[in-house]
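Here are my notes on the model, set out as numbered points. Please read them with the coordinates open.

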Amino acid sequence: MGSTLLSSMKAYKCQGERETIYTLITNTAESNLHPIQYSPWPIAIGWKYEIVRTICLLAADVYSGSLKWRDGWGRDGAASEFMTYGENVLKRAVETAEPIPDIDHYSVIYFKADDPCADLLANFERIAGYRIEDFCGEKVLRKERPTVLDLEIAFRVREHYESCVKYAQRSGTLDVAKLRKDLYSSGYMLPEQYRNAFKEQEAAS
């Protein structure tokens with residue numbers, strides 16, 4: 001059984017509408033895939049306390065051994081060492097409104113070509129930087145060269161989509177009509193152009 005290897009982390013920040021938004025980028029690899037190849041991945045986005053919460057969860061994973069970092073598995077003090085490391089990374093967060101240099105794209109939603117909402121997801125290609133690409137027999141909605149604020153929106157879109165799918169499940173069956181309705185009607189917390197991407201094609205303005 002493999003585990004996730006963590007070599008390093010970076011943080012970036014940008015002023016949002018109300019608060020400074022932070023993102024935490026982990027450089028990770030899977031131990032059971034050879035050759036070992038590390039790649040950066042945005043694991044968290046949000047206000048500072050939300051990133052600290054993620055660092056706490058990662059520290060627990062280091063102690064349990066599910067996240068490999070400096071031989072921390074089961075070692076007393078490993079979690080606190082990781083917390084200190086994570087807090088220092090956060091203190092050194094680079095402030096930028098430009099695309100994050102470590103990330104060339106962010107995968108927002110994976111879906112099948114015959115997904116009942118594939119047409120709605122295709123609407124996102126009208127928004128600058130969003131593309132749908134093929135990936136291992138599936139489709140993936142990606143945001144190219146995201147900024148910190150782009151990542152925040154992409155995370156919110158994914159969380160909204162996953163929440164709607166969850167609440168459209170009834171006795172193991174997906175209520176497609178409810179899902180398609182809720183993606184737009186309950187998306188009022190998303191910026192307008194992102195909410196409108198979930199409109200039915202014929203109703204889109």
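1. Status and overall make-up. This is a predicted model. The protein chain holds 6 helices and 10 strands. Along the principal axes, its C-alpha atoms fill a box of roughly 60 × 40 × 30 Å.

2. Burial and contact range. The protein chain has 205 residues, and 40% of them count as buried. Take the contacts between residues at least 6 apart in sequence: 59% of these join residues at least 24 apart.

3. T23, setting. T23 sits in strand β2, which spans residues 20-30. Is T23 buried or exposed? T23 is buried, because its relative accessible area is 0%, and the cut-off for buried is under 20%.

4. T23, partners. What does the side chain of T23 reach? It reaches the backbone oxygen of A44, at 2.9 Å. A44 also appears among the contacts of T23 once neighbours within four places in sequence are left aside. The others on that list are K10, A11, Y12, P42, I45, I51, I100, V148 and L151.

5. V148, setting. V148 belongs to helix α4, residues 148-167. With a relative accessibility of 0%, V148 counts as buried. Leaving aside neighbours within four places in sequence, V148 is in contact with T23 and I21. Its contacts also include Y12, K13, C14, I45, T96 and I100.

6. V148 and T23 together. Y12, I45 and I100 are among the contacts of T23. Y12, I45 and I100 are also among the contacts of V148. Inspect this region with both residues displayed.

7. Cysteines. How many disulfides are there? The count comes to 0. A disulfide is a covalent bond between the sulfur atoms of two cysteines. C14 counts as buried, at 10% relative accessibility. C136 is exposed, with a relative accessible area of 72%. C14 is also one of the contacts of V148.

8. The three-stranded sheet. In which order do the strands of this open sheet run? The order is β6-β8-β7, with antiparallel pairing. The edge strands are β6 (105-111) and β7 (130-135), and each pairs on one side only. From one strand to the next, the twist averages 30°.

9. The β6 and β8 pairing. Strand β8 covers residues 138-144 and pairs with β6 in the antiparallel sense over 6 bridges. Within this pairing, H105 stands opposite E144 of β8.

10. Helix against sheet. Helix α4 lies across β6, β7 and β8. Its direction is at about 10° to β6. For scale along the chain, take V148 and V165, which are 17 residues apart. Their C-alpha atoms are separated by 26 Å.

11. Helix against helix. Two packed helices are described by the angle between their axes and the distance between the axes. For α4 and helix α5 (residues 176-185), the axes come within 9 Å and cross at roughly 145°. The crossing of α4 and α5 is right-handed.

12. Residues at the α4 and α5 contact. Which residues of α4 meet α5? They are H160, Y161, C164, V165 and Y167. On the α5 side, the residues are K178, L179, D182 and L183. V165 in this set is also the residue whose C-alpha atom is 26 Å from that of V148.

Technical notes
Residues numbered from 1 in each chain as written. Predicted model: local features only at pLDDT ≥ 70, side-chain atom pairs only at ≥ 80, totals over all residues. Heavy atoms only, no water. Helix = DSSP H or I, 4+ residues; strand = E, 2+ residues; numbered from the N terminus. Buried < 20%, exposed > 50% of the residue type's maximum accessible area, 1.4 Å probe, protein only. Polar contact = N/O pair within 3.5 Å; in protein donor to acceptor, adjacent residues only side chain to side chain. Contact = heavy atoms within 4.5 Å. Disulfide = S-S within 2.5 Å. Pairing = 2+ DSSP bridges. Axes fitted to C-alpha atoms, helices over the stretch in contact; angles between N-to-C directions. Left-handed = near helix turned anticlockwise from the far one by under 90°.
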